[in-house]
Every structure is written in C-alpha cells, then in structure tokens.
There are 2 protein chains.
Amino acid sequence: MTTRPGPRERLLDAARELTYSQGVHVGVDAILKQADVARRSLYQHFGGKDGLVAEVLRSDGGLDRYRRVMDEAGDDPRERVLAVFDELDRITSQPSFRGCRYTAAELTLTDPGHPAHAEVRAFKEGLHRLMAAELTRHGHPAPGAGADQLLVLIDGVLAHAVTRPDARPALAARALAEAVLASGA
Amino acid sequence: MTTRPGPRERLLDAARELTYSQGVHVGVDAILKQADVARRSLYQHFGGKDGLVAEVLRSDGGLDRYRRVMDEAGDDPRERVLAVFDELDRITSQPSFRGCRYTAAELTLTDPGHPAHAEVRAFKEGLHRLMAAELTRHGHPAPGAGADQLLVLIDGVLAHAVTRPDARPALAARALAEAVLASGA
DNA sequence: AATTAGATAGACCGATTGATCTACTGTCAA
DNA sequence: TTGACAGTAGATCAATCGGTCTATCTAATT
C-alpha cells in the first residue's frame, strides 16, 4: 500500500490544484479541507498563505516538464523546440486548461512584495536559459534574442488560448517558431 | 470651466484606474471614495460590482487605440501593423505598465459566468477582425490565420512584459510580425 | 410652488477573509 | 514512564467583502 503523504505534501497538492482551478484567491479553508490538514499545520510549514502559494510555484516543476517534452523529441534542436508548441497545442485544447499558472499569479497578485513574484521571475528566467541553450546548439546567431522571441510566443499562446482556444494559437505560434529557428540557418 | 462629469462617468473613470493599478479585486469602497460617489449610485447604474467591471471593459475603447495608432502610421498595411508593436514597446516600457487589462480580467475572474468574460471575448474578436482586415489589404493569403498569429504576438508581449520588461518583448515580437507580413509577399 | 427623480451620506447586514490561540491526541525516543 | 514533538480540532479574532437599507438633499420638471 502507498503511505499517505505528510501534511506538507498534502497542503502543496491541494493548493496546487485549487489555486489553478479557482485562482489564487481561493480561501484557506478550502485548501485545508481538501488537504484534510489542520489549520495550524499550514502556518507551521509555510508561515501563511503567501508562503504556501509561493512554494506551490517554486516546487511546480514547470521547467522539468519543458525539459521532458524536448527530451522525448530527440536530439535535433529544431524538433525539440517545435515539440514544445505541439505540446502547448495539446495542453491548451483541454477543457480544464485555465491559462498559465505563473502569468495568472503575476497578474492576480497586486502586491509587488508578494513572494510569488520572485518565483514567477525565476521560472521565466529559467525557461529563457533553456530555450537559449537550444538555439545555441542550433547555431542561432543571437540565442538570447531568439529565446526572447520564443518566450513571447509561449506566453502569447498560453494567454490567448484562455479566451480563444478554438483559434489554436499554439499552431499559429509554431509556424512563427520556425521563423525563429530559420534565423540560424 | 469644465462641468464635473456625472456619477456614472466618475464611477467608470475611478474603476478603470483602480482595477488596473490594483486589480479587479479592489474593494467597492475604494472605488466609491475615489469617484466621490454615493454607494447607491453604483448599484443604480451598474447593478453591482460585476456590472461595473464589465462596463469598464466594454467602454474602454481599446480597439479605438489600436485603430488610431495604425491610422497615424499612414496607409501602408505593413507600416500600420508594425506601428502597433512600436506602440506596444512604448506602453510596456512605462513603469506604470501592469499588463493587459483584458487578459488580467480573464485570468483573475474565476467564475465563468462573470459578465466580464463576454467583454474580453468581444474585444479580442474585434481585434482579430481589425488585424485580418489589414492583412487582407496587404494581400496575405490567409488573413484569418495571420491575424491569429498577430494576436498571439500581441498577447505574448503584454503577458511577458509584466515579468521581463527589460527583454523588450515588443521588439522581439516586431521581428516576428515582419515574418507574418512576409507570408503575403 | 409642488412634484419627482437622481444623488448623497452613512448605518447596517451576513458572509468570508487570513490568522492566532488553546486544548487534545498520537508517536517515538530517551 | 516520561518528555518532546508534530499533527488535529475547533473556537475565536479583527478586518474586509459586496450589498441593502433609511433618510436627507438637490435640481429639474410640471
């Protein structure tokens, strides 16, 4: 049998799910109820709701997902980058898709001092490094600028698909990603 | 002297400013205070906070801004489209920039029945028509798909610039917009 | 001058927010 | 057995939320 995860893990899992489906403004009560955890445990482990939300973003493993998708696409940098947009098309086509967790946190949390902002920035910087590395291997003349373009495309897909998923923005972006890759022919 | 606008206009102005700088979760009290309007007037004119927020989006005139920017760029469709991204670069470089009002509303308001969602959709559909018209004049072989690409770029710029404004995402997107325009050579 | 509609001021409501607190339970090690 | 500790359960707190209410005032219409 599988041992039930500890309160800390249960809190993270519940918060991860609820903050995505309901937004970061879910009540603490709802998270506690779904995690089946005592109120005190939340403040013991994370100091408060802000700390929990930030830790959800930090431990989300979003970068690993991108890495895995690219690794499954093989060795060719071109195929690896394009595979990201194929995956985005799958993700944004699901009914449960509700936008990018990081962008949503950035736009929803008004307070500039909220610890979540640092996690969002760290994530996007990490993604930038990831893409720049691929472009470097591909022989792109300006991997940094090219990665900026890819990030705009990714964020654009995730933002636009919330309102107009039927437009299949990931496919539209895929074609433009080919243009980015063509820069380093 | 200029006559003071009526309560309805003052409410819209205050809500427009506060929902952008503080997010749509600003309290009704803050809006009433800044508008210097009685509580009752809000419910008389808009039925409630939801109605006010939706009307702010509907009456924002965002499409007119895009039209104006393009008109000031002259007649050439290519120049008109690229001018949009030059303007986006200016907007996203301002310290007061806090992201796209429509995307923020879409991501922040969890309730699918919120009247704001219809306004967001109407705005983006209108923008799509606007861009498709330019591409048609430009001789683009698939104006609808091309407009989808431009919208992804625009949303991407506005989403990405919140976290990484120094990357100048509008300039990165501008180069890709040229690729979109080149499709209809 | 009388009537009426719109605006103002502010008390008030129930619900919910995030957070703190005390008291109790179970487990494991010394 | 004792003590330490993490977790549970739940009362409780002040603050805030959106919304309704009554009462008063004002300005335009009749």
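This is a short tour of a predicted model, with a selection to make at each stop.

**Stop 1: chains A and B together**

Start by selecting chain A and chain B. Two copies of a chain are related by a rotation about an axis and a shift along it. Here, chain B lands on chain A after a rotation of 180° with 0.0 Å of shift along the axis, and the RMSD is 0.0 Å. The two copies are thus related as by a two-fold rotation axis. To find where that axis runs, pick B:Gly156: among the residues of chain B, its C-alpha comes closest to the axis, at 1.7 Å.

**Stop 2: where the two chains touch**

Keep both chains on screen and look at the contact between them. On chain B, 34 residues are in contact with 34 residues of chain A. Which helices of chain B should you colour to see its side of this contact? Choose H7 (101-108), H8 (116-138), H9 (143-163) and H10 (169-182), each of which gives two or more residues. H9(B) gives the most, with 13 residues. If you colour this side of chain B by class, you will find 17 nonpolar, eleven polar and six charged residues. The same surface serves both copies, as 100% of the contact residues of chain B recur in chain A.

**Stop 3: a pair of helices in chain B**

Next, select residues 7-21 of chain B, which form helix H1, and residues 39-46 of chain B, which form helix H3. Two packed helices are described by the angle between their axes and the distance between the axes. For H1(B) and H3(B), the axes come within 10 Å and cross at roughly 95°. An angle from 65 to 115 degrees counts as roughly perpendicular, and H1(B) and H3(B) are therefore roughly perpendicular to each other. Now show the side chains where they meet: B:Pro7, B:Arg8 and B:Leu11 from H1(B), with B:Ser41, B:Leu42 and B:His45 from H3(B). By class, this contact has three nonpolar, two polar and one charged residues.

**Stop 4: around DNA strand D**

Finally, select DNA strand D and the residues around it. How many residues are there around strand D? There are 18, and A:Ala38, B:Gly27, B:Val28, B:Gly48 and B:Lys49 come nearest. Both chains take part: H1 (7-21) and H3 (39-46) of chain A, and H2 (28-35), H3 and H4 (49-58) of chain B, each supply at least two residues. H3(A) gives the most to this surface, with four residues. Colour the surface by class to see five nonpolar, five polar and eight charged residues.

Terms used: Residues numbered from 1 in each chain as written. Chains lettered and ligands numbered in written order. Predicted model: local features only at pLDDT ≥ 70, side-chain atom pairs only at ≥ 80, totals over all residues. Axes fitted to C-alpha atoms, helices over the stretch in contact; angles between N-to-C directions. Parallel < 35°, antiparallel > 145°, perpendicular 65-115°, else oblique. Contact = placed C-beta atoms within 7 Å. Nonpolar A, V, L, I, M, F, W, Y, C, P; charged D, E, K, R; others polar. Near = placed C-beta within 6 Å. Least-squares fit on C-alpha atoms with pLDDT ≥ 70 in both.
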